[in-house]
Every structure is written in structure tokens, then in C-alpha cells.
Amino acid sequence: MSDLPPHLLTAPAHPVPAVIALGSNLGDSQQILADAVAAFDSHEHIRVTAVSPLAQTAPVGGVEQPDFLNQVLLIDTTLAPWALLQFGHALEQAAARVRDIRWGPRTLDVDVIAYDDVVSDHPDLILPHPRAHERAFVLTPWSWADPNAVLAGTPVAALAAAADDAATVIQFEPGPPRAPGRDSGGHNV
Ligand SMILES: Nc1ncnc2c1ncn2[C@@H]1O[C@H](COP(=O)(O)OP(=O)(O)OP(=O)(O)O)[C@@H](O)[C@H]1O
Ligand SMILES: Nc1nc2c(c(=O)[nH]1)N=C(CO)CN2
């Protein structure tokens, strides 16, 4: 974190809308995402206004790894943008995320996709998220949560349909409950 500008550090006087993307492809991804949603919901400066269905998505970025579960949350918050990202990073830590391979597997990824109408090119917090507009694994669940959502002037549903990974995103159908003690320790999608 270096020289963050005031507009990333200043908490708004009134709640503002923001969009959060969650992803997981290591561990018990369903539980990890459910815990993350609950953590956002119980934060005193965050109100979750919509939660998308879970999306099962093929990995994007060239690293061979299991499918992801992805989900998008719409929130209203009185946290500053930087504080919101820090909260997301704290949840990643709580999920024992290890940062080693870029775009590699992770227990939990929390990205801030958009924060009110804030625009930032600071590398530690770029807003809107610099790759969200081309990622169906973000755009499709976002459009499920808010069919009228717009990103930088374009309907999110249209961006989702045009994204290279559009065909790989499906709504996740949970299987039957797993028997206790039979967890392989791997990924559970
Ligand atoms: N809008 C944003 N949301 C989350 N992280 C961001 C954002 N803009 C910049 N960053 C920075 O990107 C860094 C890397 O984030 P992260 O580990 O989540 O990347 P990644 O998930 O591997 O890849 P990608 O950024 O393509 O989603 C973070 O340390 C963070 O400071
Ligand atoms: N399907 C999918 N692919 C990814 C994801 C993700 O969440 N889902 N996250 C990445 C880095 O943020 C890289 N690739």
C-alpha cells in the first residue's frame, strides 16, 4: 500500500452501493462461500442487499486447476473502498488463502468489482475491477443478482454474453449431502 488517495480512504457519510465477487476452488468451496457471505452480512458497516446463486465456472487464466464456484454480492456500505478491500483480504486470510501462483487455485478470493461511482487506477485498488468486464465468471452471477446492472455504461448481462468464458458458466446444482468422515480433503464442486 503506497500513497493511497483520499477518495479510497474516506468513509462515506451515507451508505453507498458496491459489488463484491467471491471465488473458491480449494477446500469445501460451498461452505467457504457461505461463511464469507455471512461475514459480510454481519459486518456493522455492511448491508447485503442481494446474493447471487452459485456459479460453477471453468478456470480462466491458463492454470490447470479445478472448476471454481463463483458468487456475487451486492452491498450497501459505509466503509471506505480501501477498508472494504481490507475486510475482503481478512476473510481470505481466515480461509487460509495462500498466494503463490498468479490466477492459481485458492480457498477464497474476494474482489471489489465496483464501489459507487468511484474510479481508481491505483494498483492496490483499481475501480471498477480492471478485468471484471471480460469475465463471465463475475458478470453472469452479477446479472443473476441484478438483471439491470450496468458496468461502465454497458449492461452487465450483455458483457457476460460476450465474454470468452460465457459458455463455461453454469448455475451450480449442489449434490446430495456428503457422508461425515468421507471428505477427500480436496475440492468439493
Ligand atoms: N478491485 C480490486 N479488487 C481486489 N483486489 C484488487 C483490486 N484492484 C487491485 N487489487 C489488488 O490486486 C492484488 C492481487 O489481488 P488478487 O490476489 O485477488 O488477484 P487475483 O485474484 O489472483 O487476480 P485478479 O486481480 O485478476 O482477480 C491485491 O493485492 C489488491 O491490492
Ligand atoms: N473460473 C474462474 N477463473 C478464475 C477465477 C475465478 O474466480 N473463477 N479467478 C481468477 C483470479 O482472480 C483467475 N481465474
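**Note on strand S4, its partners and its surroundings**

1. In S4, Ala55 has Asn70 as its bridge partner. This pairing belongs to a wider contact in which strand S3 (residues 55–57) and S4 run antiparallel and are joined over three bridges. Please keep in mind while reading that this is a predicted model.

2. Two further strands pair with S4, and each deserves a look in the structure above. Strand S1 (residues 16–24) is joined to S4 by nine bridges, with the two strands running antiparallel, and within this pairing Ser24 has Leu69 of S4 as its bridge partner. Strand S2 (residues 46–51) is also antiparallel to S4, here with five bridges, and Ala50 of this region stands opposite Leu74 in S4.

3. Is S4 itself mostly covered or mostly open? Strand S4, which spans residues 68–77, is mostly covered, since nine of its 10 residues count as buried. As background for a reader new to strands, side chains in a regular strand alternate between the two faces of the sheet.

4. Which residues of the largest nonpolar core touch the most other members? Ile20 and Val112 do, in a core that holds 49 residues, and S4 gives the most to this core, with six residues. In soluble globular proteins, as a general tendency, nonpolar side chains are buried together.

5. The surroundings of Ile20 can be followed residue by residue: once its neighbours within four places in sequence are left aside, Ile20 is in contact with Phe40, Val72, Leu73, Ile75, Gly88, Val110, Val112 and Ile113. Val112, the other residue named for the core, is therefore worth finding again in the next point, where the ligand is described.

6. Around ligand 1 there are 13 residues, and the closest of them are Asp111, Val112, Asp124, Ile126 and His129. The elements that give two or more residues to this shell are strand S5 (109–115) and strand S7 (125–127). By character, the shell divides into six nonpolar residues, six charged residues and one polar residue.

7. Why can helix H4 (residues 136–145) be called largely enclosed by the rest of the structure? Nine of the 10 residues of H4 are buried, so the helix is largely enclosed. The buried residues are Ala136, Phe137, Val138, Leu139, Thr140, Pro141, Trp142, Ser143 and Trp144, and what covers them includes S1, S3, S4, S5, helix H5 (156–162) and strand S10 (169–171). S4, with which this note began, is thus also among the elements that cover the buried residues of H4.

Note on methods:
Residues are numbered from 1 along each chain as its sequence is written. Chains are lettered from A and ligands numbered from 1 in the order in which they are written. This is a predicted model: local features need pLDDT of at least 70, side-chain atom pairs count only at pLDDT 80 or more; totals for chains, interfaces and linings use all residues. A residue is near a molecule or strand if its C-beta atom, placed from the backbone, lies within 6 Å of it. Helices (H or I, at least four residues) and strands (E, at least two) are DSSP runs, numbered from the N terminus. Ala, Val, Leu, Ile, Met, Phe, Trp, Tyr, Cys and Pro count as nonpolar, Asp, Glu, Lys and Arg as charged, and the others, Gly among them, as polar. A residue is buried if 20 or more other C-beta atoms lie within 10 Å of its own, exposed if 12 or fewer, and partly exposed in between; C-beta atoms are placed from the backbone. Two strands pair if DSSP finds at least two bridges between them. A nonpolar core is a set of buried Ala, Val, Leu, Ile, Met, Phe, Trp, Tyr and Cys residues joined through C-beta atoms within 7 Å. Two residues are in contact if their C-beta atoms, placed from the backbone, lie within 7 Å.
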